[in-house]
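Work through the exercises below with the sequence and the model side by side, and try each task before reading its solution.

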Amino acid sequence: MDTPQRSREAAHDSLRWVISAGLPAPVGSWWPPDSTIQALPSDALYDGGPGVLLAMAQAALDGVEQPAQGAVERLAALCRTPGRSQPGLYTGLAGQATALTVWGQVTGDATALEAASAGLHRLTEAWGEESGWIPVDDIIMGDAGVVAALLAYGDDEVKGWLPPALAQLAAAGQDAEGGKDWPIQGMCMPGFSHGTAGVGYVLARAVEVTGDNAVLAAAVSAGERMVALGDRGDGTWLAPHSVPQQEWAAPHSFGWCHGPTGSLRLFAVLHRLRPEAGWNQWVVAARRAVRESGLPERKEPGFWDNHGQCCGTAGVGEMALDAYSDTQDPDWLAWAVELAENLLGHAIVDEQGTRWSNTEHTATSPVLTPAVGWSQGAAGIASFLLRLARTCEQGSSAPTVRLPDAL
């Protein structure tokens, strides 16, 4: 059996396990981060119901009908009810509206689309001129993630409202060597999820989506700062995890969250905006750093212990498929297949369904309970495997689910 077929079958069996983990909510259904009885249900895109609905949407692109009514009802109620969720993309309302929008676009579910629109408009009402949405700028829980969702899915009224929020986000940058930094709670983690690369990406996307160059200088400054941090002088780009380096973290990461896999998205959008400025060399250099890192081999404890979208193999696989779409180089598709084979080789498969355990080498019990959701768990892994299968069969233009922070 070939990899695309095996990937698709594993993904659908994984979604069977994911869906079975759903619990009845006061309205609709919600999902715990993992399948243990101690895990509290979550309404966050990172680890709860919105990520599950996104994975269902990916399956629906294959024509597979999913039992999504409970997830849609829960998220629609949250989008329509003030004060029920914090604003963030991966932590709250922006992510809930994202999941409903993507589901509605794939399936034609008008109820989901209407509720998502209500949620996006509520976000504009919740913004404060002095405080933004939350005193954090990042993609995961802060203002950049909210702006990303509004740019991706907002109607003309929402997009017309955005300039003050964008100006505030741009002004939050702090002078640093080479350009501007956007620290989080006084700490500089420059990668995509919590720092400069993610904020710069959103500012660059704002220019691309709206045609308004007001925040272009800030986006370019973010790019220049990231180049200064990560240029290794050998044709690869790899920024540190943190500045100064935090004792609890490895010096370098390679995933979406803190590594080149995510950060190159800033360089890619700047290249689209200013192709003459040489930004594509840093896209190439970042991809090369990931490709030459040795992953998905677990070379040492703590190196490549994760299978998910955020920190692991599925997220790198998405990058490989993006590179294949961008370059048409079949080597990138071949590597994405290799990554999928690695995931299939690490799967737990039994009568309950297919799932994956990540590893935390510093923990007393290093093998973690299988996670359910998007960023660390089976929902996000299944989504990658479905995209991989579809790309192998239909080519680089095969449809897929896209989040607001995607290329």
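The exercises that follow concern one helix, two cavities and a nonpolar core in what is a predicted model.

**Exercise 1.** Determine how far helix α11 reaches, and decide whether it is largely enclosed or not.

*Solution.* Begin with the length: α11 runs over residues 260–273, which makes 14 residues, and the distance from its first C-alpha to its last is 20 Å, close to the 20 Å expected at 1.5 Å a residue. Next, consider burial, where a residue counts as buried when its relative accessible area is under 20%. The buried residues of α11 are Pro260, Thr261, Gly262, Ser263, Leu264, Arg265, Leu266, Phe267, Ala268, Val269 and Leu270. Because 11 of the 14 residues are buried, α11 is largely enclosed by the rest of the structure. Finally, look for the partners of these buried residues, which pack against α9 (196–210), α10 (216–230), α12 (280–291) and α13 (313–327).

**Exercise 2.** Find the largest cavity and describe what lines it.

*Solution.* A search of the whole structure for cavities of 30 Å³ or more gives 3 of them, and the largest has a volume of about 250 Å³. Its lining is made up of 20 residues, and those nearest the centre are Arg265, Gln309, Glu318, Trp374 and Leu403. The elements that contribute two or more residues to this lining are α13 and α15 (378–394), with the largest share, 3 residues, coming from α13. Sorted by class, the lining of the largest cavity holds 8 nonpolar, 6 polar and 6 charged residues. Arg265 links this exercise to the previous one, since this residue is among the buried residues of α11 and also lies among those nearest the centre of the largest cavity.

**Exercise 3.** Describe the second largest cavity in the same manner, stating which element gives the most to its lining.

*Solution.* The space in the second largest cavity comes to about 50 Å³. Its lining consists of Ala148, Leu151, Ala152, Tyr201, Val202, Arg205, Val209 and Pro404, and the elements that supply two or more of the lining residues are α6 (143–153) and α9. Of these, α9 gives the most, with 4 residues. By class, the lining of the second largest cavity has 7 nonpolar residues, no polar ones and 1 charged residue.

**Exercise 4.** Identify the residues with the most contacts inside the largest nonpolar core, and follow one of them to its neighbours.

*Solution.* The largest nonpolar core has 126 residues, and those with the most contacts inside it are Leu53, Leu100, Leu203 and Leu385. Taking Leu203, and leaving aside residues up to four places away in sequence, one finds that this residue touches Leu166, Leu169, Ala170, Trp182, Val215, Ala218 and Ala219.

How values were computed: Residues are numbered from 1 along each chain as its sequence is written. This is a predicted model: local features need pLDDT of at least 70, side-chain atom pairs count only at pLDDT 80 or more; totals for chains, interfaces and linings use all residues. Side-chain values use heavy atoms; hydrogens and water are left out. The expected span of a helix is 1.5 Å times one less than its number of residues. Buried means under 20% relative accessible area, exposed over 50%, partly exposed in between (1.4 Å probe, protein chains only). Contact means heavy atoms within 4.5 Å. On a 1 Å grid over the protein atoms alone, a cavity is a set of points where a 1.4 Å probe fits but cannot get out, and a pocket is an open set with protein on both sides within 12 Å along at least five of seven lines; lining residues have an atom within 4 Å of a point. Grid points are joined across faces, edges and corners, and a volume is the space filled by probe spheres set on the points. Ala, Val, Leu, Ile, Met, Phe, Trp, Tyr, Cys and Pro count as nonpolar, Asp, Glu, Lys and Arg as charged, and the others, Gly among them, as polar. A nonpolar core is a set of buried Ala, Val, Leu, Ile, Met, Phe, Trp, Tyr and Cys residues joined through side-chain atoms within 4.5 Å.
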